[in-house]
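Dear colleague,

I am handing over the structure we spoke about, and I would be glad if you could open it and keep it beside you while you read. My notes on it come just below.

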Amino acid sequence: MSHSSSSRAQTEPIAAIVAVSMLVVGIGIYAVYVQVTLPGTSESTTADRAIDRIWDEIEEDGVFHATHDGDAKLYDRVTDQSLPAGATVYVRVTAIDGGEERTVAEAAFPSGYPHETRPAEVAELERYLESEGPPEDASVATRTIPVAVVSSAEVRSGTLEVSVW
């Protein structure tokens, strides 16, 4: 039996265009979803990288040693290599003391710290953070860390928080 070409299955051009368009839209939506879930593509990546670098600089034998001058310890230990270039960074270390969380050290690093900033800029940023806190759109990363509060023998659970904007 001979079949003519007119009896073969054919698609209307508009239906084919709609089908291809739907396929392209579906692939686009999938690409947007996957881009957000892949490591290294989210906005918090900057804070995640910074928190690892900062922890490497402030820890001693795997513990943060907080003293009455914990803030000075952060400024002395955190270098410009651990801070993201062109970003403002706020670092806060908290510890559980008497069943409550309290800040044992905090420091603010303006963009360009330490070479391109003046002490007045650091003080101004600290005043801003004290009254307003980090901006809502800041990239924030937290990490549970051990904190020695009074002596090296008294280690408590603490949190390292890094905000980048």
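What follows is a short account of one helix and of the strands that pair beyond it.

Please bear in mind throughout that this is a predicted model.

Helix H4 covers residues 119–132, and because a helix should extend by 1.5 Å a residue, its 14 residues should span 20 Å, which agrees with the 20 Å that separates its end C-alpha atoms. Within H4, the residues Val-122, Leu-125 and Leu-129 are buried, and since they cover an arc of only 65° around the axis, they lie on the same side of H4. The general reason such a pattern can arise is that an α-helix has 3.6 residues a turn, so residues three or four places apart point the same way. On the other side of H4, by contrast, Glu-124, Arg-127, Glu-130 and Ser-131 are exposed. After H4 comes Gly-133, which has a positive phi, near 80°.

Turning to the strands, you will find that E5 (residues 155–164) pairs with E2 (residues 89–97) in the antiparallel sense over 7 bridges, and that Ala-95 has Gly-158 in E5 as its bridge partner. Strand E5 also pairs in the antiparallel sense with E4 (residues 139–148), here over 10 bridges, and if you look for one of these partners, Thr-144 is bridged to Thr-159 in E5. The strands E4 and E5 form a hairpin, with 6 residues between them.

With best wishes

How values were computed:
Residues numbered from 1 in each chain as written. Predicted model: local features only at pLDDT ≥ 70, side-chain atom pairs only at ≥ 80, totals over all residues. Heavy atoms only, no water. Helix = DSSP H or I, 4+ residues; strand = E, 2+ residues; numbered from the N terminus. Expected span 1.5 Å × (residues − 1). Buried < 20%, exposed > 50% of the residue type's maximum accessible area, 1.4 Å probe, protein only. Arc of directions from axis to C-beta. Pairing = 2+ DSSP bridges.
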